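Colleague: I'm new to this one, and I'd like some help reading it. Could you take me through a few features?

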Amino acid sequence: NPGVNVWLPGEGTEVVLPTQYVLPPGPREGVVLNLAEYRLYYYPEAAEGETAYVMTYPISIGRMDWETPLGLTSVVAKVVNPSWYPPASVHQERRDEGRPALPRVVPPGPENPLGSRAMRLGLPGYLIHGTNRPAGVGMRVTHGCIRMYPKDIETIFEQVPVGTPVRIVNFPYKVGRLNNMLYL
């Protein structure tokens, strides 16, 4: 959308949204998080006789100083209306910046940065979760977690069972072919 203001496109402005994606390389199973494109792919298991498909959503990832780790893990737990227990590192960051202290526990509700759903990963301290600040989705704004739009986490939360593999990758370049056309 060249020439369109990304924050205030203006009423009536035509905006082109991508509806097809070149998929990241590797196994097409479980959840794949491609950090380079701020995108989550979920490959539900196709039932016998059904065509396989992929669900995809925009995500936020860790800031430069709070990198989201690469690797293979899985969804180990799911929580509706989670409480947030800010880790010591976040408390220290706030002290270093002279910002007000956080409570030991942030209960569910509009002030909770985890939103209404959280899927705990096998990497200690890392979650795929909703947010109370959806404007940050699509950016490097988290402390390493994967943040999703509230409606997106609610949708995928119902689809992804505990035990689902999660592959966190960083593929800035992807190659695909469709109708004899090569896409990069």
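**Rings, charges and a sheet**

Modeller: Let's begin with a charge over a ring, keeping in mind that this is a predicted model. Lysine 78 lies over the face of phenylalanine 157, 4.6 Å from the ring centre. Arginine 117 also has its charged end over the ring of phenylalanine 157, at 5.7 Å from the centre.

Colleague: How many aromatic pairs are there?

Modeller: In general, you describe a pair of aromatic rings by the distance of the centres and the angle of the planes. Here the count is one aromatic pair. Tyrosine 21 and tyrosine 41 have ring centres 6.5 Å apart and planes at 85 degrees, so the pair is edge-to-face. Tyrosine 21 sits in the segment before strand E1 and tyrosine 41 in strand E2, so the pair ties together parts 20 residues apart in sequence.

Colleague: Is tyrosine 41 buried or exposed?

Modeller: Tyrosine 41 is buried, at 0% relative accessible area, whereas tyrosine 21 is partly exposed at 31%.

Colleague: And the sheet: in what order do the strands come?

Modeller: Strands of a sheet pair through backbone hydrogen bonds, either parallel or antiparallel. In this case eight strands form an open sheet with mixed pairing, in the order E3-E2-E1-E10-E5-E6-E7-E9. Strands E3 and E9 are at the edges with a single partner strand each, so one side of each has no neighbour in the sheet.

Colleague: What packs on the sheet?

Modeller: Helix H2, residues 150–159, does, touching strands including E2, E5 and E6. The direction of helix H2 makes about 55 degrees with that of E6.

Colleague: In which sense do E6 and E7 pair?

Modeller: Antiparallel, over three bridges. Alanine 118 stands opposite histidine 129 in E7.

How values were computed:
Residues are numbered from 1 along each chain as its sequence is written. This is a predicted model: local features need pLDDT of at least 70, side-chain atom pairs count only at pLDDT 80 or more; totals for chains, interfaces and linings use all residues. Side-chain values use heavy atoms; hydrogens and water are left out. Two strands pair if DSSP finds at least two bridges between them. Helices (H or I, at least four residues) and strands (E, at least two) are DSSP runs, numbered from the N terminus. Contact means heavy atoms within 4.5 Å. Axes are lines fitted to C-alpha atoms, for helices over the stretch in contact, and angles run from 0 to 180 degrees between N-to-C directions. Rings of Phe, Tyr and Trp (its six-membered ring) pair if their centres lie within 6.5 Å; planes under 30 degrees apart count as stacked, over 60 as edge-to-face and the rest as tilted. Buried means under 20% relative accessible area, exposed over 50%, partly exposed in between (1.4 Å probe, protein chains only). A charge sits over a ring if NZ of Lys or CZ of Arg is within 6 Å of the ring centre and within 35 degrees of the ring normal.
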